[in-house]
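This briefing covers one helix and its surroundings, followed by some backbone features. Please have the structure open while reading.

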Amino acid sequence: MVGITGASGSVYGIRLLETLRGTPDIETHLVISASGKRTLAEETDYSASAVEALAHVVYDNRDIGAALASGSFKTMGMAIAPCSIKTVAALANCFADTLISRAGDVSLKEGRPLVAVVRETPLHAGHLEQMLALARIGGVILPPVPAFYNRPKTLDDVVNHTVGRILDRLGIEHSLVAEWTGGGRKSVE
């Protein structure tokens with residue numbers, strides 16, 4: 001399951017869907033919030049319908065009776081990319097008033113991975129407390145923080161690294177980034 005909320009960073013959800021679309025035996029289920037659709041239009045050249053076309057099944061975020069809202073609907077887990085602080089707070093406090101927050105809550109209660117790609121900065125104490133609360137009940141907080149040990153050359157390199165980390169947490173094989181095998185120390189003159 002993939003959720004896209006109104007936080008900045010729509011490209012993370014898009015790249016995740018693009019990658020999963022090419023992964024055999026993975027059926028993607030997508031929910032985009034109204035704010036997510038707005039942010040998508042502001043940040044990318046994709047329309048909401050083009051992003052929805054990347055998924056196998058699409059749901060309305062208001063449809064809390066959808067298959068994703070039940071623990072009996074088997075999934076590998078859920079990634080919310082990007083994940084707004086509003087959604088983090090809903091998940092941390094079991095306030096499942098949207099399909100994204102209900103599906104995330106179901107992932108947690110069923111012991112399935114829930115990866116929240118929290119895209120907000122700077123963070124105040126309230127944000128941090130909500131993220132800590134979510135982590136304490138089993139959520140994975142995975143901010144899209146760029147790594148530089150892999151020497152990214154493009155924005156795609158940065159995005160792919162984060163999406164690769166999301167897939168790692170969901171236990172899905174990928175070829176977006178190479179596994180770190182240790183580095184040799186270079187001398188400094």
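Two residues are in contact here when they have heavy atoms within 4.5 Å of each other. The model is predicted. By that contact criterion, Thr87, Ala90 and Leu91 of helix H4 meet Ile100, Ser101, Gly104 and Asp105 of helix H5. The residues of this contact divide into three nonpolar, three polar and one charged.

**Helix H4 and its burial**

- Helix H4 spans residues 85–92, and six of its eight residues are buried, so the helix is largely enclosed by the rest of the structure.
- The buried residues of H4 are Ile85, Thr87, Val88, Ala90, Leu91 and Ala92; buried means under 20% relative accessible area.
- Two strands, E4 (78–83) and E5 (114–118), are among the elements that the buried residues of H4 pack against.
- Helices H5 (99–109) and H6 (125–136) also pack against the buried residues of H4.

**Geometry of H4 and H5**

- Two packed helices are described by the angle between their axes and the distance between the axes.
- For H4 and H5, the angle is about 45 degrees and the axes are 9 Å apart.
- An angle from 35 up to 65 degrees is neither roughly parallel nor roughly perpendicular, and H4 and H5 are therefore oblique to each other.
- The crossing in which H4 passes H5 is right-handed.

**Positive phi values**

- Cysteine 94 follows H4 and lies in the loop between H4 and H5.
- Phi of cysteine 94 is near 55 degrees, which is a positive value in a residue other than glycine.
- Cysteine 94 counts as exposed, at 53% relative accessibility; the cut-off for exposed is over 50%.
- Aspartate 25 is found in the loop between helix H1 (10–21) and strand E2 (29–32).
- Aspartate 25 is likewise a residue other than glycine with a positive phi, near 65 degrees.
- The relative accessible area of aspartate 25 is 83%, and the residue is exposed.

**Cis peptide bonds**

- The peptide bond from alanine 81 to proline 82 is cis, and its omega is near -5 degrees.
- Proline 82 has its place in strand E4, one of the elements against which the buried residues of H4 pack.
- A cis peptide bond also runs from threonine 121 to proline 122, with omega near -10 degrees.
- Proline 122 sits in the loop between E5 and H6; E5 and H6 are among the packing partners of the buried residues of H4.

Terms used: Residues numbered from 1 in each chain as written. Predicted model: local features only at pLDDT ≥ 70, side-chain atom pairs only at ≥ 80, totals over all residues. Heavy atoms only, no water. Buried < 20%, exposed > 50% of the residue type's maximum accessible area, 1.4 Å probe, protein only. Helix = DSSP H or I, 4+ residues; strand = E, 2+ residues; numbered from the N terminus. Axes fitted to C-alpha atoms, helices over the stretch in contact; angles between N-to-C directions. Parallel < 35°, antiparallel > 145°, perpendicular 65-115°, else oblique. Left-handed = near helix turned anticlockwise from the far one by under 90°. Nonpolar A, V, L, I, M, F, W, Y, C, P; charged D, E, K, R; others polar.
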